[in-house]
Amino acid sequence: SKTVASFIDEQPKRVRREIFAPAGKLGIIVDSSKDGPIIHSINGDSPLVGQVFPGDYITAIDGEDTSNWSAYNVTKLVA
């Protein structure tokens, strides 16, 4: 399994969530942004439904900072 940390930037606060994802495909589509990898969409059968949301930034995977990673690098690791 992988630990995925994400946050959503809502004014005036940020909400940080730590998610424990099962091994295997996570069913998320990730985009690159100037602030780091961001969740674009979540498949309806994803094990992360209700835990992460479109617009969430992926800030770490298994404790490793992902803020400078591209969507390609994140997808390669979690797909």
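Which side chain meets that of E18 in a salt bridge? In this predicted model, the partner is R16, and the N to O distance of the pair is 3.6 Å. E18 is partly exposed, with a relative accessibility of 44%, while R16 counts as exposed at 56%.

This pair belongs to a set of 3 salt bridges in the structure. Another joins the side chains of R17 and D56, with 2.3 Å from N to O. R17 sits in strand 2, whereas D56 belongs to the loop between strand 4 and strand 5, so the contact ties together parts that lie 39 residues apart in sequence. Both ends of this bridge are out of the way of the probe used to judge exposure: R17 counts as buried because its relative accessibility is 19% and buried means under 20%. D56 is buried as well, with a relative accessible area of 0%.

A further salt bridge links the side chains of K34 and D35, at 3.3 Å from N to O. Here K34 is exposed, its relative accessible area being 78%, and D35 is partly exposed at 42%.

The strands offer a second way into the structure. Strand 3, covering residues 28-31, pairs with strand 4, covering residues 38-42; the two run in the antiparallel sense and share 4 bridges. Within this pairing, I28 stands opposite I42 of strand 4. The two strands form a hairpin with 6 residues between them, and G36 in this hairpin takes a positive phi near 120 degrees.

I28 also leads to the nonpolar interior. The largest nonpolar core has 15 residues, and I28 is among the members that touch the most others, together with L26, V30, L48, I58, I61 and V74. Several elements contribute to this core: at least two residues come from each of strand 2 (13-21), strand 3, strand 5 (57-61) and helix 1 (71-78). Helix 1 supplies the largest share, with 3 residues.

Taken together, strand 2 and strand 3 each appear in more than one part of this description. Strand 2 holds R17 of the bridge to D56 and also supplies at least two residues of the core. Strand 3 pairs with strand 4 and likewise gives at least two residues to the core.

Methods. Residues are numbered from 1 along each chain as its sequence is written. This is a predicted model: local features need pLDDT of at least 70, side-chain atom pairs count only at pLDDT 80 or more; totals for chains, interfaces and linings use all residues. Side-chain values use heavy atoms; hydrogens and water are left out. Two strands pair if DSSP finds at least two bridges between them. A nonpolar core is a set of buried Ala, Val, Leu, Ile, Met, Phe, Trp, Tyr and Cys residues joined through side-chain atoms within 4.5 Å. Buried means under 20% relative accessible area, exposed over 50%, partly exposed in between (1.4 Å probe, protein chains only). A salt bridge is a side-chain nitrogen of Lys or Arg within 4 Å of a carboxyl oxygen of Asp or Glu.
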